[in-house]
Amino acid sequence: MNRLGVHALTRRFGGLVANDSISFDVPVEGISAVIGPNGAGKTTLFSMISGFLEPSEGRVVFEGEDVTGVAPERIAARGLVRTFQLAQLFQNLTVLENVKVGRHIRTKAGLWAALARPAWARREEAETERRARELIAFVGLGDQADARAAALPYGQQRLLEIARALAAEPKLLLLDEPAAGLNHDETERLSGIIRRIAAQGTTVLLIEHDMKLVMNTADRIVVLNFGRKIAEGTPTEVQGNPQVIEAYLGGVETPHV
Amino acid sequence: MPTLPTTISTNAGLLLRYLPAVLAVGLIAYAIVAGGHFVTLAGFALIYAVFVTGLNIFMGYAGQASFGQNAFAAIGGYASAVLTATYGWPPIPALIVGAAGAALCAVVIGYPTLRLRGHYLAMATLAIGLIVYEVTVQWQSVTQGYMGISGIPPLGIGSWEVTSDRAQLIMLSIVVTLCMASAWLIRNSRFGRAIVALSGSEDAARALGVDVARYKLAAFVVSAVYASLAGSLFVHIVGFVSPEVFGMHMVILGFTMLYVGGIGTITGPLVGAIVINLLPETFRGLKDYQDLVYGAALILLLIYAPGGLASLGNALKRRPSTPIPATAPKGARP
Amino acid sequence: MFDLAYFSQTLVNGLSVGCIYGLIGIGFCVIYNASGIVNFAQGAFVMLGGMITYVLLTTLHLPMIVAGSIAIIVVALLGVLIERIVVRPLWDRNATMFVMILATLAVQIVIERTTLILVGDQPKSIPVFTDLPPIRIGGVSIGYQTLWIIGVSLVLIALLALFFQKTLVGRAMRACSINREAAALQGIPVSRMLALSFALSAALGAIAGILLTPTQFTAFNVGTPFAISGFIAAIVGGFGRPFGAFLGGIALGLAQALAVFGLGSGLKNVAALSVLLIFLFLRPSGILGAAK
């Protein structure tokens, strides 16, 4: 069974076709990636999958259920969680609190629980605290738990965003250009983190610009160009595909690995 | 406290941070001991602290704008006044009815507008402030119009009433402590984190499953209940209510207090309320100039000290390289 | 019994006050389009238009046309001043929307209170522009001031349409409303457009205030209710569409008139807010759809 099915997804903005009948499946196992040159329609595709943008045509099927046009918070509650191209942290919260917000859909304490603090809510909060600290340590931000999120350098903000998304225990994690703005070492570390996430049973689908990260990390790649899918396959297959080489490099050389 | 900025590490910094709160408590304690005119002023400051604490939950935490908090105070105040003075109810049930009315009104206003961009709610709340004022003037059979309602009994349970100035001040101190404690409990909970989160990025909050519209509405209702409570306290302490009590000046005063004390902090509302009520007693004499001065002060604070007076102290100590933490996230402007 | 003459009279009054709401609503749209700011001090311009005209008429005994023109220019300059000393610093700091709303609301309060101190709290009125008995059509009497309001509003709409479509500055302002970043890249001085939008919107507000004052009155505190009505007009018209806002104003004026006819005059503002809430509930993008 597939985690995610994208069926003939189309999005038009006025006369512009940002996504033209894109179809592919994301299997439960492993890491999938969507690549393509700037303006290929990758972010539009992600926005439609995660419910932030209504498709003009086509369907999104998550875990065998049609989630086309479902509100983002409901899609998240079903276990599909995304990150953003420009890290969108909660600036007025600490690093730890940011990750705790990630536990939102896995917890249920409301206003009354906040005021009365019954035993179950205290247990829930303790569990939230424990999980959040685990995840912060997992992405290597353990010693910065109580810093304000806005005070982190950019590379660490990206890692924090991933920790926050993982706190929701997603079945499918969508990462929108997670390596954007990271240096070489940070990208290496990110690649390792993504592989460990996938190894723990979370399906990962990422959009990426950084070819090195994709080729080293992804098991399957979908290539977009001008809003259309032009290739799909393993990293090796995609690298050898003449259309991909053409799209990426104007046919001059093969993609660097 | 989890909202501690990382830039403060020294004991001196901590001292400076808590100094306003310590002074605030000291002033109230002095008022209880000293008595007299000072007690009345301290009492108003504490009532405003309740009002501004509610405002802070909606504006400081959830990052939304409401200009109609005076309407909720009026609903609470008039419910208490009419039910106790005219119908002879005990104060506590009257107060609860007022709070329920304010909450209901907040739902009616907030549900359609909070799904949309901020200025819709801002304008709708500005309108409800004017409308409630008009209703209190026009609905003479109940509110007695401009004449107002007098003879409102002091707060109390059964035959036990809080009558002396000092006893009232002690009672208000307890109420304010409870209000601040509940604000702290709200802030440091799943609910509180969700509303602070959505003020940072609505998209990111939704992507994590936070029902943004619902949480904004809940924060709005909570702030309305605080305002209603402040309105009820006011009429019981003063014993009189008229439409002018809950005019637009209440909103501007509330905002000024919030910005003076520090928006988005637990103690900010109390500090702001005390500073604005106790220190510029000279301004209070010149009633016509009061709103003018507060309006101008608010503009200056917004431009030059967006984090409140407390943040001015921080700005002096901060290393030049560290960016000034925004009281609310940047880029939220449409 | 249903009184047709009274009913028609109510509608005519609603139409003329609706034009005023429309002009105020356009003022909101002009600033919003140039900057994304909702200017909560819009009502102050309306109040000042009538108030300054009154002061010039009574103290300097200027002719109406001169007094009115000076008032419009003064208010427009005040608009630029507000933009320079309050809005611009916040804009440069990239302040949030609610800080901007709060600051402009504080400006409204400052202007309101200053006016109160300078001229007192008594309502003021100015004479009608044409002092002739009203025209009677059937049982409906239409005052000349009503004709002035409707006529001047329509002329202003036509002029604005020309301005936005034919002149370079007007087209530059429209470009800013479509995409500020792109407009800046094209070499349009976006910040000057912001100042200009405040001037234009303040002038529109002042004109609305001058037109209206002879039929009602002006006082230091009339601004906010007018701002709210103008804002509702802008929403009903689909926020950011100046001509939609004018239609929205007329719709609101008529709806209020009907509410007054059916329910009595105490509920005028309640009716306006109900229109707002119902609209936001059913069709938040306005009659014509949102500008974006």
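The exercises below work through parts of a predicted model, each with a solution.

In this predicted model, local features need pLDDT of at least 70, side-chain atom pairs count only at pLDDT 80 or more, and totals for chains, interfaces and linings use all residues. Residues are numbered from 1 along each chain as its sequence is written, while chains are lettered from A and ligands numbered from 1 in the order in which they are written.

**Exercise 1. Describe the side of chain B that touches chain C.**

Step 1. Take two residues as in contact if their C-beta atoms, placed from the backbone, lie within 7 Å. Then 38 residues of chain B contact 35 residues of chain C.

Step 2. Assign these residues to elements: helices (H or I, at least four residues) and strands (E, at least two) are DSSP runs, numbered from the N terminus. Two or more residues come from each of α4 (91–113), α5 (118–138), α11 (248–261) and α14 (287–304) of chain B. The largest share, 13 residues, belongs to α5(B).

Step 3. Sort by class, with Ala, Val, Leu, Ile, Met, Phe, Trp, Tyr, Cys and Pro as nonpolar, Asp, Glu, Lys and Arg as charged, and the others, Gly among them, as polar. This side of chain B has 25 nonpolar, 8 polar and 5 charged residues.

**Exercise 2. How do α2(B) and α7(B) cross?**

Step 1. Fit axes as lines to C-alpha atoms, for helices over the stretch in contact, with angles from 0 to 180 degrees between N-to-C directions. The axes of α2 (residues 37–61) and α7 (residues 165–187) of chain B come within 9 Å and cross at roughly 15 degrees.

Step 2. Therefore α2(B) is roughly parallel to α7(B), a term for angles under 35 degrees.

Step 3. The residues of this contact comprise 16 nonpolar, 4 polar and 3 charged.

**Exercise 3. Which strands pair with β3(A), and is β3(A) covered or not?**

Step 1. Call a residue buried if 20 or more other C-beta atoms, placed from the backbone, lie within 10 Å of its own. In β3 (residues 31–35) of chain A, 5 of 5 residues are buried, and the strand is mostly covered.

Step 2. I31(A), A33(A) and I35(A) point one way from β3(A), and S32(A) and V34(A) the other way.

Step 3. Strands pair if DSSP finds at least two bridges between them. β3(A) pairs with β8 (residues 203–208) of chain A in the parallel sense over 5 bridges, and V34(A) has I207(A) as its bridge partner there.

Step 4. β3(A) also runs parallel to β9 (residues 220–225) of chain A, joined by 4 bridges. In β9(A), I221(A) stands opposite A33(A).

Terms used. Angles under 35 degrees count as roughly parallel, over 145 as roughly antiparallel, 65 to 115 as roughly perpendicular and the rest as oblique. A residue is buried if 20 or more other C-beta atoms lie within 10 Å of its own, exposed if 12 or fewer, and partly exposed in between; C-beta atoms are placed from the backbone.
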